[in-house]
Amino acid sequence: MVGVTQTRGNMTQSVRLFEPVTIGGLELRNRLMRSATAERAAGPEKGEPTELMTRMYEELALGGVGLIVTGHAYVRRDGKAHYRQAAIDDDGLVEAWRRVVEPAQAAGARVMMQINHCGAGTTAEVTPEPVSPGGVAAPGGMASRALRAEEIPELAAAFGRAAGRAKAAGLDGVQIHGAHGYLVSQFLTPFTNTRIDCWGGTEEKRLAFLRAVNEAIRAEVGPEYPVWIKLGTAGAAFSGLTAEMGARYAAACAEMGMGCVEISHAVGEMEGLPAGEGAFMPMARVVRRAMPANTELALVKGFATLEGMEAALSEGVVQMISMCQPLIAEPDLPNKLMRGETTKAACVRCKQCWPKDPLGTVGCRNAGVRRKLGLAPLKET
């Protein structure tokens, strides 16, 4: 087993990557989580989960990861971000989701659903009439309609109903998508939230939508069900969302009872971050200083080696390692790391995993990586 020493506050403890741990209300077999990855494998019209997703999740579970976070599922049809995105906007999807996640759970992983509304983060072909806090498009984004004040509580309620469906389907928890410039992130970001009512205008008012989302979720799932968040804690300079502001948002998430905050970026990425593994660690350090010592954080971005994961954990800043691209090519990477069969992911982050065909599915398209792993050429779907 791999062990590191982690210091949190005045406490020093031994941390093992591959031993059972309880984080954010979830009992996990290790500290490795598969960060939400847009599988682009759901039904093209209604977003129903498919047998292909069942196989993806089961393969990840058999590969040894402790927690699987599903690709973002839209909570309402006007929150769909891209083709073949999964949905959780209808009660009729509950049993399909149950069938999809049960094999992965039986194989030893916990499965959490990421719930999302894209806001303005979509295309006209997918969602012709998107909504957003202020009707402001980020650079490269599309125009959208500013939400009327009376529409916003119902939108928050849609997150609550989605979480209730996830619980009914047997998911082990939900993760609110509050990053990457989607709707929750748009509300938190000064550049995209230009409102001057109770939903914007000050830092606390920009938090109001996330508070409403959290309250709606708790009304549906109760006080004990695990609710986490992927939080964009800083964005590009134009966004006005600084790491210090993001840290205060993260502290508010802890105060709301969210069990774990996964550190990520908001509208654009903060300038000046280091390259390589754990690139968001500077943001995580700022967040940690604002959080209670017993609050758990997860960190995503660039992890590829056992050494890099150990280094991130050894600081005591974060308690979980989150990975996306390496597990697309190599879903059994956790087992290989645990058994000492490798110390480094095969993934070279060439960004060929996303399909050019809008109806295509995520998968490793790097011929060299596939040969190294003994995989046949990818059949496009």
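Ala 163 has its place in helix α3 of this predicted model. The relative accessible area of Ala 163 is 0%, so this residue is buried, the limit for that class being under 20%. Along the chain, Ala 163 and Ala 216 are 53 residues apart, and their C-alpha atoms are separated by 8.9 Å.

**Aromatic pairs**

Helix α3 also takes part in a group of aromatic rings. How many aromatic pairs does a search of the whole structure find? The search finds 3 of them. In one, Phe 159 and Phe 209 meet edge-to-face, with 6.2 Å from centre to centre and 80 degrees between the planes. This pair links distant parts of the chain, since Phe 159 belongs to helix α3 (residues 152–168) and Phe 209 to helix α6 (residues 208–221), 50 residues apart. Phe 159 and Phe 209 are both buried.

Phe 209 has a further partner in Phe 187, and here the rings are stacked: the centres are 4.3 Å apart and the planes differ by 20 degrees. Because Phe 187 lies in helix α4 (residues 183–188) and Phe 209 in helix α6, the pair ties together parts that are 22 residues apart in sequence. Phe 187 is buried, as is Phe 209. Through ring pairs, Phe 159, Phe 187 and Phe 209 are linked into a cluster.

**Strand β8 and its partners**

Is strand β8 mostly covered or mostly uncovered? Strand β8, which spans residues 110–116, is mostly covered, with 6 of its 7 residues buried. Strand β6 (residues 67–69) pairs with β8 in the parallel sense over 3 bridges, and Ile 68 has Val 111 in β8 as its bridge partner. Strand β7 (residues 73–74) is likewise parallel to β8, with 2 bridges; Tyr 74 stands opposite Asn 116 in β8. Strand β11 (residues 173–178) runs parallel to β8 and is joined to it by 4 bridges, and Gln 114 stands opposite Gln 175 in β11. As a general point, side chains in a regular strand alternate between the two faces of the sheet.

**Pockets and cavities**

The spaces in the model comprise open pockets and enclosed cavities. The table lists the volume and the classes of lining residues for each one described here.

| Space | Volume | Nonpolar residues | Polar residues | Charged residues |
|---|---|---|---|---|
| Largest pocket | about 970 Å³ | 13 residues | 17 residues | 6 residues |
| Second largest pocket | about 710 Å³ | 14 residues | 5 residues | 11 residues |
| Largest cavity | about 100 Å³ | 8 residues | 3 residues | 3 residues |
| Second largest cavity | about 40 Å³ | 4 residues | 4 residues | 3 residues |

Which residues lie nearest the centre of the largest pocket? Of the 36 residues in its lining, they are Ala 36, His 180, His 265, Cys 324 and Trp 354. Both β15 (320–323) and α10 (325–329) supply at least two residues of this lining.

The second largest pocket is lined by 30 residues, and Met 56, Glu 59, Ile 328, Val 362 and Gly 363 lie nearest its centre. Here α1 (51–62) and α10 each supply at least two lining residues. The largest share, 5 residues, comes from α1.

A search of the whole structure finds 2 cavities of 30 Å³ or more. The largest cavity, with about 100 Å³ of space, is lined by 14 residues, of which Ala 329, Cys 347, Cys 350, Cys 353 and Cys 364 are the closest to its centre. Helix α10 gives the largest share of the lining of this cavity, 3 residues. The second largest cavity has a lining that includes Ala 38, Glu 39, Arg 40, His 72 and His 82.

**Arg 365**

Where does Arg 365 lie? Arg 365 is found in the loop between α11 (333–339) and α12 (367–372). With a relative accessible area of 18%, Arg 365 is buried, because that value falls under the 20% limit. The side chain of Arg 365 has polar contacts with the backbone. A polar atom of this side chain lies 2.7 Å from the backbone oxygen of Cys 353, a residue that is also among those closest to the centre of the largest cavity. The side chain of Arg 365 also reaches the backbone oxygen of Gly 363 at 3.0 Å, and Gly 363 is one of the residues nearest the centre of the second largest pocket.

Methods
Residues are numbered from 1 along each chain as its sequence is written. This is a predicted model: local features need pLDDT of at least 70, side-chain atom pairs count only at pLDDT 80 or more; totals for chains, interfaces and linings use all residues. Side-chain values use heavy atoms; hydrogens and water are left out. Rings of Phe, Tyr and Trp (its six-membered ring) pair if their centres lie within 6.5 Å; planes under 30 degrees apart count as stacked, over 60 as edge-to-face and the rest as tilted. Buried means under 20% relative accessible area, exposed over 50%, partly exposed in between (1.4 Å probe, protein chains only). Two strands pair if DSSP finds at least two bridges between them. On a 1 Å grid over the protein atoms alone, a cavity is a set of points where a 1.4 Å probe fits but cannot get out, and a pocket is an open set with protein on both sides within 12 Å along at least five of seven lines; lining residues have an atom within 4 Å of a point. Grid points are joined across faces, edges and corners, and a volume is the space filled by probe spheres set on the points. Ala, Val, Leu, Ile, Met, Phe, Trp, Tyr, Cys and Pro count as nonpolar, Asp, Glu, Lys and Arg as charged, and the others, Gly among them, as polar. A polar contact is a pair of N or O atoms within 3.5 Å; within protein, one must be able to donate a hydrogen and the other to accept it, and residues adjacent in sequence count only if both atoms are side-chain atoms.
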